[in-house]
Amino acid sequence: MVGTAAPAAGYLLVEQPGGWGRQALTSSRLDPAVGAVVSGRAIQQGLRALLIRRPGRHAAPERRAWAVVSSRPGREVTWWGDFGTDDELRTLPLDGSSGTPSDDPFYLVCAHGRHDQCCAIEGRPVALALARLRPSRVWECSHVGGDRFAANVVAMPHGLYYGRVDVDRAQELVETHERGEVVPDLLRGRATTTPAAQAAIAHVRGLVSDPAIDALSPAGTLHLGEGVFQVRLRHGTRNLMVTLRATARPVPGLLTCHARNEAHPPTYDVLEVAEVG
């Protein structure tokens, strides 16, 4: 799973109860014209737009929630607000200037069954388990990528992607995240870093045995060609250079529940870890 968190600087979240079609923002009860505008504006700002809803069955609220999330290291914050009509989203400030800031942790669980049934089958029980632990801080969300890793959980506001989460590990994930640490064996990566950097961080984290979310700070990624990357990391006062190669996984597999053909997803092999000045 390492290195599979979809890169994003932050998120635009829009509450939309009920069913979602395959392309959630333009095939749900949200006005599709508004959904297209929202998606385009979010992309321009480097944000990933997702629909959210509360786990379980609920009546549609009179006013729905929106959130703008900054996941950048050291600047993690969520601005929350609400809206009454879809058209209000057309002019929603994406800098959070009209929302209420919060640094409280919350959790998104991909349960987008129309995109891939794995997400609904595996995600919904996990969303309910998390909601029992943190009733006001859990949302089901539309597709986040990596269907084959369901259940997928994104720990906010840091944008930490976790995969293959099951009900038995829900409490561990919540408690670990809220003390400022990660669960290494479930962690896919952090959205604010490149896939190569995500893989480098995961490898070095294992070497230094440091679970703190910000234990390793990426200071640049260089592509040397032919799938070889160098990632510079800081760990305390140390500077480390990680050289790794992206290759196609030798054993093919189905990438989604509805896939018919097997594929060779990318994987990263670490070639060297060196301390540099």
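This is a dialogue about aromatic rings, charges and empty space in a predicted model.

Student: How many aromatic pairs does the structure hold?

Tutor: Two aromatic pairs. In one of them, the ring centres of Trp80 and Trp139 are 6.1 Å apart.

Student: What makes Trp80 and Trp139 a pair, and why is the pair called stacked?

Tutor: Set the values against the cut-offs. Centres must lie within 6.5 Å, and here the distance is 6.1 Å. Planes under 30 degrees apart count as stacked. The planes of Trp80 and Trp139 stand at 20°, so the pair is stacked.

Student: Which parts of the chain does the pair link?

Tutor: Distant ones. Trp80 is in strand E4, residues 77-83. Trp139 is in strand E7, residues 138-141. The two residues are 59 apart along the chain. Together with Phe106, Trp80 and Trp139 form one aromatic cluster.

Student: Why is Trp139 called buried or exposed?

Tutor: Buried means under 20% relative accessible area. Trp139 has 4%, so Trp139 is buried.

Student: And what makes Trp80 count as partly exposed?

Tutor: Partly exposed runs between the 20% and 50% limits. Trp80 has 23% relative accessibility, so Trp80 falls in that class.

Student: How do you know that Arg54 lies over the face of Trp139?

Tutor: The CZ of Arg must be within 6 Å of the ring centre and within 35 degrees of the ring normal. Arg54 is at 3.6 Å from the ring centre of Trp139 and lies over its face. Arg53 does likewise with Trp20, at 3.7 Å from the ring centre.

Student: Where else does Arg53 turn up?

Tutor: In the lining of the largest pocket, which has 22 residues. Arg53 is among the closest to the pocket centre, with Pro17, Gly18, Gly19 and Gly56. The pocket holds about 460 Å³ of space.

Student: What classes of residue line the largest pocket?

Tutor: Nine charged, seven polar and six nonpolar. Gly counts as polar.

Student: How many cavities of 30 Å³ or more are there?

Tutor: One. The largest cavity has a volume of about 30 Å³.

Student: Which residues line the largest cavity, and what are their classes?

Tutor: Leu12, Val38, Arg41, Ala42, Leu89, Leu92 and Leu94. Six are nonpolar, none is polar and one is charged. Arg counts as charged, so Arg41 is the charged one.

Student: Which helix gives the most to this lining?

Tutor: Helix H1, residues 32-44, with three residues.

Conventions:
Residues are numbered from 1 along each chain as its sequence is written. This is a predicted model: local features need pLDDT of at least 70, side-chain atom pairs count only at pLDDT 80 or more; totals for chains, interfaces and linings use all residues. Side-chain values use heavy atoms; hydrogens and water are left out. On a 1 Å grid over the protein atoms alone, a cavity is a set of points where a 1.4 Å probe fits but cannot get out, and a pocket is an open set with protein on both sides within 12 Å along at least five of seven lines; lining residues have an atom within 4 Å of a point. Grid points are joined across faces, edges and corners, and a volume is the space filled by probe spheres set on the points. Rings of Phe, Tyr and Trp (its six-membered ring) pair if their centres lie within 6.5 Å; planes under 30 degrees apart count as stacked, over 60 as edge-to-face and the rest as tilted. Helices (H or I, at least four residues) and strands (E, at least two) are DSSP runs, numbered from the N terminus. Buried means under 20% relative accessible area, exposed over 50%, partly exposed in between (1.4 Å probe, protein chains only).
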